[in-house]
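Please look at the structure below with its helix packing in mind. The text that follows goes through two helix pairs and the nonpolar core.

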Amino acid sequence: MKTVYNPQHAGHAATHEFFRGRLVPAFEIPARADYVLKAVQAAALGEVLAPVDHGLAPLERVHAPAYLRFLRGAHAEWRALGGEGDAFPAVWPVRSLRSDVEPQSFAARMGLYSMDSGTPLTAGAWEAAYWGAQATLSGLEIALGDERRAYVLTRPPGHHAGADFFGGYCFINNAAVAAQAARDAGLQRVAILDVDYHHGNGTQAIFYERADVFYASLHGDPQTEYPFFLGHADERGAGAGLGFNANEPLAAGSSNEAWFAALERLLGRLQVFAPELLIVSLGVDTYGGDPISHFKLDRPEFAALGERLAAFGAPRTLFLQEGGYATEAIGLNVVAVLQGFER
Ligand code: SP5
Ligand code: ZN
């Protein structure tokens, strides 16, 4: 399997993130991608390619242009105001406040365009996220060609980012960009299977009223797990999209048996949908050793996931890197999935 690697990830290097009102060492760090790249090369998984620039237009098919404009200039604005280091939001337009007027204040716009304070907006965030989307589009082209599959190695991740907000370490929703680009390339049915520990609230929201992109996710129950405010089992889609969204929330600490049973339920749904392309939001924070998550998968389970996805038999499959914070293990965990798929 070919890998498209986004070298610009390294410029997005937060040292700290907010957690319980304190700055704690950041979890979403450059070493994550470095370890995965090393593991991909050590396993001789296949060629490692650089992203090709597809421009801003495919990002604007998913994200509000005003949001992208803000994101591109945000860190420079922060610095111009005398801000040092990374920028964090601290005020949000929650219920009864207006989000239809873009304020002039930088602090206010940080809140308007974000969902949490746990996502440092670094000096390199825009470049890293922009090139991550380009790597995604490059991987999609490979998967839509004779290769029929590809892996995109990038960070920051994408699945928490909504049409007009960042959060959950995410800025550009790569899975959504890929799904929309596939539709624009002529595919009729695209499925996104999100196996990250966290519910992909951004991806779900972007396609919630659409029947052409099926979003399916198994994740830690939002009653106790981030992102808390989306990802319940009763979210089945709306309007034309009713029936094209499926969530399998699992209690923190759930067994591997429960996890694979939920995976089977989702794959059953997707089999009926018969996607022409399967996009896998591949977070490996389901690993037992993950420092911020509470499932128990290990190397054999990751290999079994890859094998099961191969058996699913989608005509084309695109793996996109999402979470996974046991830094030294994530390379081996990701490669286990990909090698399982190739077996
Ligand atoms: C893409 C992805 O996996 N995003 C996850 C975002 C999780 N944000 C909340 C993180 C809270 C970290 N708390 C760590 C406490 C460890 N003692
Ligand atoms: Zn996650």
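In this predicted model, helices α5 and α6 cross with right-handed geometry. Two packed helices are described by the angle between their axes and the distance between the axes. For α5 (residues 125-144) and α6 (residues 174-184), the angle is about 40 degrees and the axes are 9 Å apart. Because of that angle, α5 counts as oblique to α6; angles under 35 degrees would count as roughly parallel.

On the α5 side, the residues that meet α6 are Gly132, Ala133, Thr136, Leu137 and Leu140. Their counterparts in α6 are Asn174, Val177, Ala178, Ala181 and Ala182. Sorted by class, this contact has seven nonpolar and three polar residues, and no charged ones.

One of the α6 residues in this contact, Ala178, leads on to the core. In soluble globular proteins, nonpolar side chains tend to be buried together. Here the largest nonpolar core has 104 residues, and Ala178 and Ile279 are those with the most contacts inside it. Which helix gives the most to this core? Helix α5 does, with 13 residues. Not counting residues up to four places away in sequence, Ala178 touches Thr136, Leu140, Ile279, Leu318 and Leu320. Of these, Thr136 and Leu140 belong to the α5 side of the contact with α6, while Ile279 shares with Ala178 the place of most contacts inside the core.

A second helix pair is formed by α9 (residues 299-312) and α10 (residues 327-342), whose axes come within 6 Å and cross at roughly 35 degrees. The crossing of α9 and α10 is also right-handed. From α9, the contact is made by Arg299, Phe302, Ala303, Ala304, Leu305, Gly306, Glu307, Leu309 and Ala310. From α10, Leu332, Asn333, Ala336, Val337, Leu338, Gln339, Gly340 and Phe341 take part. Eleven nonpolar, four polar and two charged residues make up the contact of α9 with α10.

Glu307, which lies in helix α9, shows this contact at the level of one residue. Is Glu307 buried, exposed or partly exposed? Glu307 has 16 C-beta neighbours inside 10 Å, so it counts as partly exposed; a buried residue would need 20 or more. Leaving aside neighbours within four places in sequence, Glu307 is in contact with Gly340 and Arg343. Gly340 is among the α10 residues that make the contact with α9. The C-alpha atoms of Glu307 and Phe341 are separated by 4.7 Å, although the two residues are 34 residues apart along the chain.

Technical notes. Residues numbered from 1 in each chain as written. Chains lettered and ligands numbered in written order. Predicted model: local features only at pLDDT ≥ 70, side-chain atom pairs only at ≥ 80, totals over all residues. Axes fitted to C-alpha atoms, helices over the stretch in contact; angles between N-to-C directions. Helix = DSSP H or I, 4+ residues; strand = E, 2+ residues; numbered from the N terminus. Left-handed = near helix turned anticlockwise from the far one by under 90°. Contact = placed C-beta atoms within 7 Å. Nonpolar A, V, L, I, M, F, W, Y, C, P; charged D, E, K, R; others polar. Core = buried A, V, L, I, M, F, W, Y, C linked by C-beta atoms within 7 Å. Buried ≥ 20, exposed ≤ 12 C-beta atoms within 10 Å, placed from the backbone. Parallel < 35°, antiparallel > 145°, perpendicular 65-115°, else oblique.
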